[in-house]
Amino acid sequence: MKKTLLHITKYYYPVEGGIETVTKYLVDGMESFESSVVCFGQEGKTVTDTIDGVKVYRIAPFIRISSQDIAFSYRRRLKMILDEIKPDIIVLHCPNPFLYPITASLKPKNAKLVLLWHSDILGKGLLYRLVAGAEKRILKASDLIIATSPNYIDPGSPIYRFRDKTEVAPNGIKDRDFELCPTDNERIEEIRRMYGGRKIIFFVGRHVKYKGINYLIEAEKYIKSDCVILIGGRGPETERLKKLSKSERIHFIGKVPPSDLKCYYYASDIFGFTSCSKQEAFGVALAEAMYCGCVPVTFTIDGSGVNWVSLKGETGEEVALGDTRAYAEAVDRLLDNPELYDRYSRAGRDRISRYFTCGRAVEVTEALLQRLLETE
């Protein structure tokens, strides 16, 4: 009989987002477990539905404070769910500080508590100090902490004190979504023609401060190669960034449809990954680009998994944080040296194929959970 596994997460499919994507492929892929999900609902409704054979309990929030949903009925409803499912393992996807004291107090004695640590709580100031005690207690109460990279087990992270019970399971990309189809080559060539056959530096992601897009705009001034910079996505920083951009080489292309994303990766030469904070805990878009042979230039970010996904001098270039001149020089070095570029491109795709697919992530995570069940 399969062991029961309950994922407690902020949102779940069809809601889109990094944590939601990871939760979905773990739920679908770990076939040795009978999985269920509890999350916050949308549109003010508390509902229970079934997604691909998995029961999903959605609890409507009452209010949201600083990106954190709060539901006054959450404790009562979670207790009912735990009594119904009787999970062998609870996987709490972090950060989700409202749920830390609730989960810690309701965890059945015979259930293992696993924290899947997607990211620290960063940049919250006073609000973080209000939840720091609950965070410490949930870390102490956990049986296993799973970090998404070894780099994140860093003295600057709260999980560092609990590194003796912390393991690593990477995030993964849906590699099948990035395999070329016969019709893709025409679209790839069309994208290249749109920009006159010039070399393409591509960024895609949400336009927020930690993505460091302003550094990419600044670096453009120092790039000597004949190229264009395509900035995909949008967000709260979009209009400010457009005002910063004074060059005809920089193009804001808006949201890139998922069906078109791989073609942009394959059409591009450099992935302009300028994230500048450990709020970028891993870099799924970075892994996607590398799988498509697009070579990244990144910053060194202490405590971030970015510099574990792409290895300096092996799969791409890496420069000191915020050094836009060095960033431009790295871009020129790659575009001027086809042999170096091709070596990085091949090594990058190979690294992602080996270590950072969703299949690999499921395999590692499932093994960690099975091992946890075998311990007393």
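Which residues line the second largest cavity? Keep that in mind while you load the model, which is predicted.

**Stop 1: the second largest cavity**

Select His7, Leu26, Met30, Val91, Val114, Leu116, Ile146, Thr365 and Leu369; these residues line the second largest cavity. The space inside is about 30 Å³. Now colour β8 (112-117) and α13, since each of these elements supplies at least two residues of that lining. By class, the lining divides into 7 nonpolar, 2 polar and no charged residues.

**Stop 2: the largest cavity**

The whole structure holds 2 cavities of 30 Å³ or more. For the largest, select Val22, Tyr25, Leu26, Leu116, His118 and Ile146, then add Thr148, Ala169, Pro170, Asn171, Ala361 and Thr365. The volume here is about 60 Å³. Leu26, Leu116, Ile146 and Thr365 are in this lining, and they also appear in the lining of the second largest cavity. Show α1 (18-29) and α13 (358-374) as ribbons: these are the elements that give two or more residues to the lining of the largest cavity. The largest share, 3 residues, comes from α1. What classes of residue make up this lining? It has 8 nonpolar and 4 polar residues, and no charged ones.

**Stop 3: the second largest pocket**

Stay with α1 and α13, as each supplies at least two residues of the lining of the second largest pocket. Select Lys24, Tyr25, Asp28, Lys174, Asp175, Arg176, Asp177, Cys358 and Gly359 to outline this pocket. Its volume is about 200 Å³. Here α1 gives the most, with 3 residues. Colour by class: the pocket lining has 6 charged, 2 nonpolar and 1 polar residues. Tyr25 lines this pocket, and Tyr25 lines the largest cavity as well.

**Stop 4: a helix pair**

Two packed helices are described by the angle between their axes and the distance between the axes. Select helix α9 (residues 284-291) and helix α12 (residues 338-355): they pack at an angle of about 120°, with axes 7 Å apart. That angle makes α9 oblique to α12. The crossing of α9 past α12 is left-handed.

Now show side chains at the contact. From α9, pick Ala287, Met290 and Tyr291. They meet Ser345, Gly348, Arg349, Ile352 and Ser353 of α12. Which classes do the residues of this contact fall into? They divide into 4 nonpolar, 3 polar and 1 charged.

Technical notes. Residues are numbered from 1 along each chain as its sequence is written. This is a predicted model: local features need pLDDT of at least 70, side-chain atom pairs count only at pLDDT 80 or more; totals for chains, interfaces and linings use all residues. Side-chain values use heavy atoms; hydrogens and water are left out. Axes are lines fitted to C-alpha atoms, for helices over the stretch in contact, and angles run from 0 to 180 degrees between N-to-C directions. Helices (H or I, at least four residues) and strands (E, at least two) are DSSP runs, numbered from the N terminus. Angles under 35 degrees count as roughly parallel, over 145 as roughly antiparallel, 65 to 115 as roughly perpendicular and the rest as oblique. A crossing is left-handed if the near helix is turned anticlockwise from the far one by less than a right angle, and right-handed if clockwise. Contact means heavy atoms within 4.5 Å. Ala, Val, Leu, Ile, Met, Phe, Trp, Tyr, Cys and Pro count as nonpolar, Asp, Glu, Lys and Arg as charged, and the others, Gly among them, as polar. On a 1 Å grid over the protein atoms alone, a cavity is a set of points where a 1.4 Å probe fits but cannot get out, and a pocket is an open set with protein on both sides within 12 Å along at least five of seven lines; lining residues have an atom within 4 Å of a point. Grid points are joined across faces, edges and corners, and a volume is the space filled by probe spheres set on the points.
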